[in-house]
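Please open the model in your viewer and follow the selections below in order.

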Amino acid sequence: MKKTLTAIAASVGLLISANTLADERKISIEVTNLTNAVYFTPLLVAAHNRNTHLFEISAPASANLQAMAEGGNIDGLIGDLEAAGGEYIANPASGLLAPGASAEAVIDRPRKRNRYLSIVGMLLPTNDGFVGLDGLRIPKKKGTYTYYLHGYDAGTEANDEIITGGGAPGTPGIPADPGGNAGSGGVASVGADHNQTVHLHRGVIGDDDPSGGISDLDARVHTWQGPVARLVLRINKDD
């Protein structure tokens with residue numbers, strides 16, 4: 001639950017000394033946005049049991065996952081976690097996590113059964129893309145562990161890349177670009193996803209026409225390949 005977690009909003013390079021963490025016996029979770037111009041909506045960081053999933057690859061998105069992936073709304077997923085006895089922190093960055101920035105959360109000894117870590121947050125601007133981690137077993141041994149997180153597609157909305165002020169589930173289009181690098185006047189030319197389960201995101205296609213073309217996103221700015229985030233776990237506890 002929230003009362004067991006402490007959030008620390010951080011910019012790039014923020015670190016907590018290992019000695020302090022060792023003394024306080026906590027787990028530090030640091031997420032860094034590796035993209036050039038894609039923002040993360042408020043993240044949800046959760047410790048939970050082995051049977052709980054915020055999302056699963058190759059499975060249809062739940063309504064609550066769809067709400068997060070299309071509009072950044074994590075309230076429903078929080079409700080799922082609470083019902084399952086999970087512990088979580090919402091919005092550790094206190095807002096959008098900008099390209100190159102980091103956010104950090106510290107968990108005070110999660111309950112014994114909550115040994116799995118999951119993270120989600122919408123990729124903005126996309127139709128239904130999100131950064132995700134599904135059920136990572138939290139290491140038992142003290143140390144620093146680094147992982148790279150992929151961008152996923154919820155499979156619930158066609159990737160038309162057209163900015164229409166969308167964001168509600170079932171509403172076509174994407175919200176505005178927080179970085180101000182988007183164009184306008186694109187013409188949607190895609191249908192439903194071929195894969196309508198949760199899958200790896202193909203990335204932004206974009207174009208180089210700021211006032212037309214097939215996309216409102218700039219291919220020179222918004223396109224990404226490979227992982228979209230770095231996760232660093234600092235484990236300083238004895239089990």
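The tour goes from the whole chain to its confidence, then to its cores and two residues within them.

**The whole chain.** Begin with everything displayed. This is a predicted model of a protein with four helices and eleven strands. Of its 239 residues, 52% are buried. The exposed surface amounts to about 10,300 Å², and carbon and sulfur atoms supply 50% of that area. Among contacts between residues at least 6 apart in sequence, 78% join residues at least 24 apart.

**Confidence.** Next, colour by pLDDT. The mean for the protein is 86, and 87% of the residues reach 70 or more. Select strand β3 (residues 39-40), which has the highest mean pLDDT of the elements, 98; then select helix α1 (residues 18-24), which has the lowest, 36. Extend the selection to residues 1-24, where the pLDDT is below 50. In the model this stretch has 51 contacts beyond near neighbours in sequence. Where pLDDT is low, predicted coordinates should not be read in detail.

**The largest nonpolar core.** Which residues have the most contacts inside the largest nonpolar core? Select Ile29, Phe40, Leu97, Leu117, Ile119, Val131 and Leu231, which hold that position in a core of 32 residues. Now add the elements that give two or more residues to this core: β2 (26-33), β4 (44-48), β6 (102-108), β7 (116-124), β8 (129-137) and β11 (229-235). Strand β11 provides the largest share, four residues.

**Isoleucine 29.** Centre the view on isoleucine 29, in strand β2. Is this residue buried or exposed? Isoleucine 29 has a relative accessibility of 2%, and therefore counts as buried. Show its contacts, leaving out residues up to four places away in sequence: Val45, Ala103, Glu104, Ala105, Ile107, Leu117, Ile119, Leu231, Val232 and Leu233. For a distance to display, choose the C-alpha atoms of isoleucine 29 and alanine 103: they are separated by 8.3 Å, although the two residues lie 74 residues apart along the chain.

**Leucine 97.** Move to leucine 97, another of the residues with the most contacts inside the largest core. With neighbours within four places in sequence set aside, leucine 97 is in contact with Val31, Asn33, Tyr39, Phe40, Leu43, Ser102 and Ala103.

**The second core.** Finally, select Met68, Ala69, Leu124 and Tyr152. These residues are among the 20 that form a second, separate core.

Key:
Residues are numbered from 1 along each chain as its sequence is written. This is a predicted model: local features need pLDDT of at least 70, side-chain atom pairs count only at pLDDT 80 or more; totals for chains, interfaces and linings use all residues. Side-chain values use heavy atoms; hydrogens and water are left out. A nonpolar core is a set of buried Ala, Val, Leu, Ile, Met, Phe, Trp, Tyr and Cys residues joined through side-chain atoms within 4.5 Å. Buried means under 20% relative accessible area, exposed over 50%, partly exposed in between (1.4 Å probe, protein chains only). Contact means heavy atoms within 4.5 Å. pLDDT is the predictor's confidence in each residue, from 0 to 100. Accessible areas come from the Shrake-Rupley method with a 1.4 Å probe; for residues, only the protein chains shown count as cover.
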